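Morning, everyone. Please look at the structure on the screen while I talk.

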Protein chains: 2
Amino acid sequence: MPPTATTTDAFTAIAEPQRRRILTLLKTSEMPVNDIAHVLGIRQPSVSKHLGVLKQVGLVYSRPHGKQRIYGLDATALRAVHEWTGGFAQFWQESFERLERYAQQLEDEENPNA
Amino acid sequence: MPPTATTTDAFTAIAEPQRRRILTLLKTSEMPVNDIAHVLGIRQPSVSKHLGVLKQVGLVYSRPHGKQRIYGLDATALRAVHEWTGGFAQFWQESFERLERYAQQLEDEENPNA
DNA sequence: TTGACATATTCCTATATCGGAATATCATTG
DNA sequence: CAATGATATTCCGATATAGGAATATGTCAA
């Protein structure tokens, strides 16, 4: 089977660091493509392509404004990711996890390979 | 440039649906590879590969137990994802409020009284 | 219409994915 | 040691990626 397409959902779309940077930037305000490219130091075609992905999963909307195209944030789809990861909160808080890691560490010291 | 490697961090590792299923399953308890494969209906080599990715980003640990290898959850790295998405909470709240206002508006238009 | 700017699309290349199949490795037991 | 069971690794194929370069499309203004 092929790799999971980046346009599948929010999980795949935000796997790419540049796309996360774009989303973070758009928290500031709506913005035309060139501004995004300039602020983040990415070339315009790359930005357009990333915005295409983000739009397909609904994380941004766009609106024509003169010869420009204004992009804005729609974070709704991030909620699913937030909630899914939130389902693990109890596991990163409990101390027995730390104990288990410690046990693993001891074991690795005895078995210093793979 | 090549696609972002799945072993980069938690963001990339959880982009794959089967890996999310594995992590969810491991909330239940530690488990040997074959059990995971059987419960989720994935073939053993696939499970081993996914576990390899998850281990590289620190989302699981493993411990030998007889001829088996027990895998367990270490959700620590998911916290970063949870917090990053949490930084957008105000924005999905905002759009929710916008929706509510819009719904209210429609209602007012249909019911143009008090 | 022409020119100038803003954005999108296409083509390319190197690299990575994910699953299947076959096989290798490793630990346990007889 | 040989056989078995559990897991990991390797090789394959079809597909997708991300960025660069070049070009196409679109929109306004004179």
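Turn chain A by 180°, with 0.0 Å of shift along the rotation axis, and it superposes on chain B with an RMSD of 0.1 Å. The superposition is by least squares on the C-alpha atoms of residues with pLDDT of at least 70 in both copies. The two copies are thus related as by a two-fold rotation axis. In chain A, the C-alpha nearest that axis belongs to His82(A), 2.5 Å away.

A word on the source. This is a predicted model: local features need pLDDT of at least 70, side-chain atom pairs count only at pLDDT 80 or more, and totals for chains, interfaces and linings use all residues. Residues are numbered from 1 along each chain as its sequence is written, while chains are lettered from A and ligands numbered from 1 in the order in which they are written.

Now the interface. How many residues does each chain give to the contact? Chain A gives 26 and chain B gives 25. Contact means that C-beta atoms, placed from the backbone, lie within 7 Å. On the side of chain A that touches chain B, helix H5 (78-86) of chain A is among the elements giving two or more residues. H5(A) has the largest share, 6 residues. Helices here are DSSP runs (H or I, at least four residues), numbered from the N terminus. And 81% of the interface residues of chain A are also interface residues in chain B, so the copies meet through the same surface.

Conventions
Two residues are in contact if their C-beta atoms, placed from the backbone, lie within 7 Å.
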